[in-house]
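Visitor: Could you take me through one part of this model in close detail? I would like to follow a single strand and its partners.

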Amino acid sequence: MLVHGVEKKEGSLEFLKHVLESKHRKVYGVFYTNSFFSQRYLCRNHLLNKIEFEEDTVKLTVVTRLENVGLLEIENTLDMLVKHKAGDIPGLMPEGLFGKEDSVEPSLPEVVSVTQFLTSVDLFLVLKKPEINYQDFWIAGHRFTLINIVHQLGEEGKEPEFEQVVSLLVGEVGKLYFFSHFHDKELTKTDMKRVLDLIIDENITGKAITGVKLETESGVSSSVFPYENLISSYTTSNGDIVFGTGAGYVLIPGKDIDKYKMKCIANEKGAYRLELRYKKNTIKLYFE
């Protein structure tokens with residue numbers, strides 16, 4: 001994961017330990033991906049249990065939030081973790097993926113729309129000799145550190161069989177969520193781009209996008225909801241930003257993104273929405 005326009009630095013396990021054990025820092029976002037994942041899934045925005053450091057190894061547990069197809073990919077992940085003694089997926093029974101009567105599901109599905117849900121699966125990871133890089137940056141006057149823990153598995157001297165990456169977004173203590181840092185604040189263009197970098201392609205906030213609404217200057221309004229699948233967000237090769245599903249999408253041309261202003265608004269139930277405004281055109285992104 002990468003925040004554009006910010007220097008990427010090499011880190012170490014000592015650096016990671018110092019950040020995660022600091023009483024003044026808190027994890028506000030987690031993102032996990034590996035060689036088997038075909039989609040960009042979500043994670044809970046915190047780490048489970050205590051993080052353990054042993055010489056050249058770090059042990060941690062992340063909670064992935066998967067669509068149905070992800071459960072099959074998580075089974076392949078489990079096979080690779082067990083093969084290399086690099087972790088486990090506690091409570092996951094592969095038979096459960098195929099609907100047998102005596103199977104045990106990883107957890108109860110979490111509804112995120114009328115027709116779509118996510119399933120939480122805990123991944124216990126033993127990351128030996130990982131590569132660590134990080135970026136320090138500011139958003140709306142708040143300091144954040146994005147840390148990438150890159151771990152490869154395979155036989156020594158050969159091409160890696162499997163690669164997994166855990167990304168952590170760390171900020172100063174005192175807030176509940178990542179969005180809590182700047183709701184009801186006018187963000188600068190740099191702030192806006194950094195927020196989008198943490199949502200587009202790889203969403204580290206842990207919050208699913210539950211709706212996208214476009215309101216145009218001419219009065220035309222259009223909305224996208226997760227009917228057949230969850231709303232995805234990605235950047236095209238032309239630099240355009242797309243939010244959509246198989247049924248429709250909203251596109252922001254890359255050449256126009258600098259013209260927009262962003263605002264983060266909280267509702268009474270604790271959910272957030274981002275508003276992108278340009279003249280009388282508004283794009284509203286609704287999160288859990």
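Guide: Happily; here is a walk around strand S15 and the strands beside it.

This is a predicted model, in which local features need pLDDT of at least 70, side-chain atom pairs count only at pLDDT 80 or more, and totals for chains, interfaces and linings use all residues. Residues are numbered from 1 along each chain as its sequence is written, and side-chain values use heavy atoms, with hydrogens and water left out.

Strand S15 covers residues 241-245; strands here are DSSP runs (E, at least two residues), numbered from the N terminus. Five of its five residues are buried, so S15 is largely enclosed by the rest of the structure. Buried means under 20% relative accessible area, computed with a 1.4 Å probe on protein chains only. In a regular strand, side chains alternate between the two faces of the sheet. Here both faces are covered: Ile241, Phe243 and Thr245 lie on one side, with Val242 and Gly244 on the other.

Now for the neighbours. S15 pairs with strand S14 (residues 232-235) in the antiparallel sense over four bridges; two strands count as paired if DSSP finds at least two bridges between them. Within this pair, threonine 235 has isoleucine 241 as its bridge partner. Five residues sit between the strands of the S14 and S15 hairpin, where glycine 239 takes a positive phi near 90 degrees.

S15 also pairs with strand S16 (residues 248-252), again antiparallel, over five bridges. Glycine 244 stands opposite tyrosine 249 of S16, and a hairpin through two residues joins S15 to S16.

Methods
Buried < 20%, exposed > 50% of the residue type's maximum accessible area, 1.4 Å probe, protein only.
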